[in-house]
Amino acid sequence: MKEPLVPVVPMSHTAHIRSHRKPRRSATSSIAMRAGVTGGVLSMAAAGASASASAAEPVTQTIELPTLTADLSAQVAQSAAATQQAAATYELRAERDAAAAKAAAEAKKDLAEAKKKAEAKKKAAEEARKAAAERATRNVERATLSASASTSASTSTSVSAPASGSVATVISFLKAQLGDAYVMGATGPNAWDCSSLVQAAYKQVGVDLPRISQDQSMAGTDVPLSSVQVGDILYWGGKGSAYHVGVYIGNGQYLDAANPSKGVVIQDLSGYPASGAVRVL
């Protein structure tokens, strides 16, 4: 009996070498393995993440937060410095404005005082000039009158006066008015000017004199100043243009309504010599 023939299959030339491939696994084993691996990986990832979070937390607290705090602190400090600088600027500006206002007020006050002083000086100078001019005029008139009295005869103007007129009554009336005020144009009973006082005094004895000093210097009879008697009318200025009058009361004195500062007073002829005299009693 013949032996059965065995088919001969050609063998690869690498068949004798063990295959390096891994044996095939079943689908179930592969899925289980993958699930396990995946779970492990996820577990490791979670653990790693947890570990990373735990490890990162101190870093955030010690590095990042202090950095932010330092930046904020710097910004706050800069803002505070800017605010302080602005406040200082405003305060300085306010001080300058106040100083300027004060200086302007003081300058205005000084200007007003200077103006006032200048006006006072100007007024004083004007008054001094007028007084000097009046003195000069009086001196000229006195010299003229003295020369005229020595070279010409005196003239007279008749005045209606009673022969029995009492000089004592005139003087008594005048002394009763001592201390009264001087007011230009006043005619008594408590204020007079020079000519109204003389007119009122002589009216007490019936002598009717003119109202103004110029006309009173033309009344009665001219009398040399060296021969003047109590009751004679004294005048200052030219005859017919006299600017002041008074009445001689004896002992080198006369009584008159002098001026607003003195009123009715008794004065010495030596201090203010008269220009001339007339007698009406």
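Where is Gly185 found? Gly185 sits in the loop between E1 and E2, and the legends below start there. Please keep in mind that this is a predicted model.

**Figure 1. A close-up of Gly185 and the residues it touches.** Gly185 is partly exposed, its relative accessible area being 47%. Leaving aside neighbours within four places in sequence, Gly185 is in contact with Asp193 and Arg211. Ser195 is also worth finding here: ten residues along the chain from Gly185, its C-alpha atom is separated from that of Gly185 by 9.1 Å. The two contact partners of Gly185 return in the next view.

**Figure 2. The salt bridge of Arg211 and Asp193.** A search of the whole structure turns up three salt bridges. In the one shown here, the side chains of Arg211 and Asp193 meet with an N to O distance of 3.0 Å. Arg211 lies in the loop between helix H3 (194-203) and helix H4 (213-216), while Asp193 lies in the loop between E2 and H3, so the pair ties together parts that are 18 residues apart in sequence. Arg211 is partly exposed, at a relative accessible area of 27%, whereas Asp193, at 5% relative accessibility, counts as buried.

**Figure 3. A cis peptide bond at Pro189.** Stay with the loop between strand E1 (181-182) and strand E2 (191-192), where Pro189 is found. The peptide bond that joins Gly188 and Pro189 is cis, with an omega of about 5 degrees.

**Figure 4. Phe173 and Trp192, an aromatic pair.** The structure holds three aromatic pairs. For Phe173 and Trp192, the ring centres are 6.2 Å apart and the planes stand at 80 degrees, so the pair is edge-to-face. Distant parts of the chain are linked here: Phe173 belongs to helix H2 (residues 167-176) and Trp192 to strand E2, 19 residues apart. Both Phe173 and Trp192 are buried.

**Figure 5. A cluster of Trp236, Tyr254 and Tyr272.** Begin with Trp236 and Tyr272, an aromatic pair that is stacked, at 5.4 Å centre to centre and with 25 degrees between the planes. This pair also links distant parts of the chain, with Trp236 in strand E4 and Tyr272 in the loop between strand E7 (264-268) and E8, 36 residues apart. Trp236 is buried, and so is Tyr272. Now add Tyr254 to the view: ring pairs link Trp236, Tyr254 and Tyr272 into a cluster.

**Figure 6. Strand E8 and its pairing with E3 and E4.** Strand E3 (residues 221-223) pairs with strand E8 (residues 276-279) in the antiparallel sense, over three bridges. To follow this pairing, look for Thr221, whose bridge partner in E8 is Arg279. Strand E4 (residues 233-236) and E8 are likewise antiparallel and pair over three bridges. Here Leu234 has Ala277 as its bridge partner in E8.

**Figure 7. The salt bridge of Asp232 and Arg279.** Arg279, the bridge partner of Thr221, also takes part in a side-chain interaction. Its side chain meets that of Asp232 in a salt bridge of 2.8 Å, N to O. Asp232 lies in the loop between E3 and E4 and Arg279 in strand E8, so the pair ties together parts that are 47 residues apart in sequence. Asp232 is buried, with a relative accessible area of 1%; Arg279 is partly exposed, with 23%.

**Figure 8. The salt bridge of Asp222 and Lys239.** The closest N and O atoms of Asp222 and Lys239 are 2.4 Å apart. Asp222 is in strand E3 and Lys239 in the loop between E4 and E5, 17 residues apart, and the pair links these distant parts of the chain. At 15% relative accessibility, Asp222 counts as buried, whereas Lys239 is partly exposed, with a relative accessible area of 27%.

**Figure 9. Asp256, buried yet without a salt bridge.** Asp256 is found in strand E6. The nearest side chain of opposite charge belongs to Lys262, 7.5 Å away; a salt bridge would require an atom pair within 4 Å. The Asp256 side chain does make a polar contact with the side chain of His244, at 2.7 Å. Not counting residues up to four places away in sequence, Asp256 touches several others, among them Leu197, Val245, Val264 and Gln267.

**Figure 10. Asn251, with a positive phi.** Asn251 is not a glycine, yet its phi is positive, at about 55 degrees. Look for Asn251 in the loop between strand E5 (244-250) and strand E6 (253-257). Asn251 is exposed, with a relative accessible area of 77%.

Terms used. Residues are numbered from 1 along each chain as its sequence is written. This is a predicted model: local features need pLDDT of at least 70, side-chain atom pairs count only at pLDDT 80 or more; totals for chains, interfaces and linings use all residues. Side-chain values use heavy atoms; hydrogens and water are left out. Helices (H or I, at least four residues) and strands (E, at least two) are DSSP runs, numbered from the N terminus. Buried means under 20% relative accessible area, exposed over 50%, partly exposed in between (1.4 Å probe, protein chains only). Lys and Arg count as positive and Asp and Glu as negative; His and the chain ends are not counted. A polar contact is a pair of N or O atoms within 3.5 Å; within protein, one must be able to donate a hydrogen and the other to accept it, and residues adjacent in sequence count only if both atoms are side-chain atoms. Contact means heavy atoms within 4.5 Å. Two strands pair if DSSP finds at least two bridges between them. Rings of Phe, Tyr and Trp (its six-membered ring) pair if their centres lie within 6.5 Å; planes under 30 degrees apart count as stacked, over 60 as edge-to-face and the rest as tilted.
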